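Here are some notes to read beside the structure. Take the points one at a time and find each residue on the screen as you go.

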Amino acid sequence: MAGSPRVYPESMEFQEQYDTLVGSDPAYEGRFIAGVWTTGIFCRPTCRAKIPKAENVEFFPTINEALHGGYRPCRLCRPMDGTKPVPPLVEKLRRAVEESADGRVSDKDLVAMGIEPSTARRRFQAYHGMTFHAYQRARRMGLALRDVKAGKPVIDVQLARGYESTSGFREAFTRIFGAPPRGARAGHCLLAQRIETPLGTMLALADEQGLRLLEFADRRGLERELAGLRRRLKCAVVPGSNAILEKTRQQLGRYFAGESLSFDLPLSPVGSDFQQRVWRELQRIPAGHTRSYAEMATKLGIPKGPRAVGRANGSNMLALVIPCHRVINADGSLCGYAGGIWRKQRLLEHERRHAP
Ligand SMILES: [Zn+2]
């Protein structure tokens, strides 16, 4: 399927991109983004800053993914800016996000800076084609996910390496995932893994009961879902892995490779009885097929309930595994998908191509 996965250090592509970074070849401009782990900054392929060691670099296909990787834009090569000068207001907004402890800048903060919030939102969107809200969300989630990447807390490693402690990892992590209880056994927490896919970074959470959440990291409303899950299960989230998360990673690999579109995982979605019924029905839609909300409602024995079905569909926290992306409008057009309509479309194309 189209779309480029993250580039792994052992790959040929990594070597090619690293050589480009060293040689500053302008032909590669726009083809990839380089993140430097030790500084937390992402750069264009042609950046003139000091060349980082290969072991400290990772490459991303897009700016969005670099942001979700926990990186902020370099001030030297300005990877988010085109040839036009950056409006001072936009620059100020980006700085404010970097300087806030947890990547959050509220309307109140803006007013305190003498900035009118609605003007700020309009200008940011006009310049970046991305809302100021989405930018902050990417930054927060990226900071929090850095800790989840290795499947273990990396804060201590970073402090040991002399990484700035002001960079907001701990704050962002705590705000999004809750304060991990000190000395608590991992069994009492939800374990979190970050999984890279050709359609972007995913976050997977599981405990010993089963998989609780699987979502694209830039999904709208993800922080709200996480807060709800923590409240319902009365637990915090800690970076870590277990057999269920390992299986999830393997099966996602096979799914995206087109080898097997079905999942065989212990699932423990948190939701009402009605939501659970809808989610079970969703799992009966075979890969390569779609259903309308009305068809779903009829199957569930509530012919007047397509709206309720739609809501339960939207509250699914196990993307792909509970295939809510296979529900479309009665006229065949695609409708809302919190992970983005473009993803829904790519998923359906992928499944049509590889369905048995
Ligand atoms: Zn740079």
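1. Let's begin with helix α3, residues 88-99, bearing in mind that this is a predicted model. Which residues of α3 are buried? They are Leu89, Val90, Glu91, Leu93, Arg94, Ala96, Val97 and Glu98. Notice that two glutamates, Glu91 and Glu98, and an arginine, Arg94, are on that list. As background, an α-helix has 3.6 residues a turn, so residues three or four places apart point the same way.

2. You can check the length of α3 yourself. With twelve residues at 1.5 Å a residue, α3 should span 16 Å, and because its end C-alpha atoms are 16 Å apart, the expectation and the model agree.

3. Next, look at what α3 packs against. Its partner is helix α5 (residues 117-128); the two axes lie 9 Å apart and make an angle of about 100°. Therefore α3 counts as roughly perpendicular to α5. On the α3 side, the contact is made by Leu89, Val90, Leu93 and Arg94. On the α5 side you will find Thr119, Ala120, Arg123, Phe124, Tyr127 and His128. By type, the residues of this contact are six nonpolar, two polar and two charged. Leu89, Val90, Leu93 and Arg94, which meet α5, also appear among the buried residues of α3.

4. Now turn to strand β1, residues 33-36. Are its faces covered or open? Both are covered: Ile33 and Gly35 are buried on one side, and Ala34 and Val36 are buried on the other. This fits a pattern worth remembering: in a regular strand the side chains alternate between the two faces of the sheet.

5. Strand β1 has two partners to find. It runs antiparallel to strand β3 (residues 57-60), with four bridges between them, and Val36 stands opposite Val57 of β3. It also pairs with strand β2 (residues 41-43), again in the antiparallel sense, over three bridges. There, Ala34 has Cys43 as its bridge partner. Four residues separate the strands in the hairpin of β1 and β2, and Gly40 has a positive phi near 75°.

6. Another sheet deserves a slow look. It is open, has four strands in the order β7-β6-β5-β8, and shows mixed pairing. Its edge strands, β7 (211-216) and β8 (237-239), each pair on one side only. On average, neighbouring strands are turned by 30° against each other, with direction ignored. Helix α9 (residues 222-233) packs on this sheet and touches β5, β6, β7 and β8. The direction of α9 makes about 170° with that of β7.

7. Where does the mixed pairing show up? Follow strand β5 (residues 190-197): seven bridges join it to strand β6 (residues 200-206), and these two run antiparallel. In that pair Gln193 faces Ala204, and the hairpin of β5 and β6 has two residues between the strands. With β8, in contrast, β5 pairs in the parallel sense, over three bridges. Here Ala192 is the bridge partner of Pro239.

8. Finally, ask how many residues of β5 are buried. The count is eight of its eight residues. Leu190, Ala192, Arg194 and Glu196 point one way, while Leu191, Gln193, Ile195 and Thr197 point the other way.

Notes. Residues are numbered from 1 along each chain as its sequence is written. This is a predicted model: local features need pLDDT of at least 70, side-chain atom pairs count only at pLDDT 80 or more; totals for chains, interfaces and linings use all residues. Side-chain values use heavy atoms; hydrogens and water are left out. Buried means under 20% relative accessible area, exposed over 50%, partly exposed in between (1.4 Å probe, protein chains only). Two strands pair if DSSP finds at least two bridges between them. Axes are lines fitted to C-alpha atoms, for helices over the stretch in contact, and angles run from 0 to 180 degrees between N-to-C directions. Angles under 35 degrees count as roughly parallel, over 145 as roughly antiparallel, 65 to 115 as roughly perpendicular and the rest as oblique. Contact means heavy atoms within 4.5 Å. Ala, Val, Leu, Ile, Met, Phe, Trp, Tyr, Cys and Pro count as nonpolar, Asp, Glu, Lys and Arg as charged, and the others, Gly among them, as polar. The expected span of a helix is 1.5 Å times one less than its number of residues.
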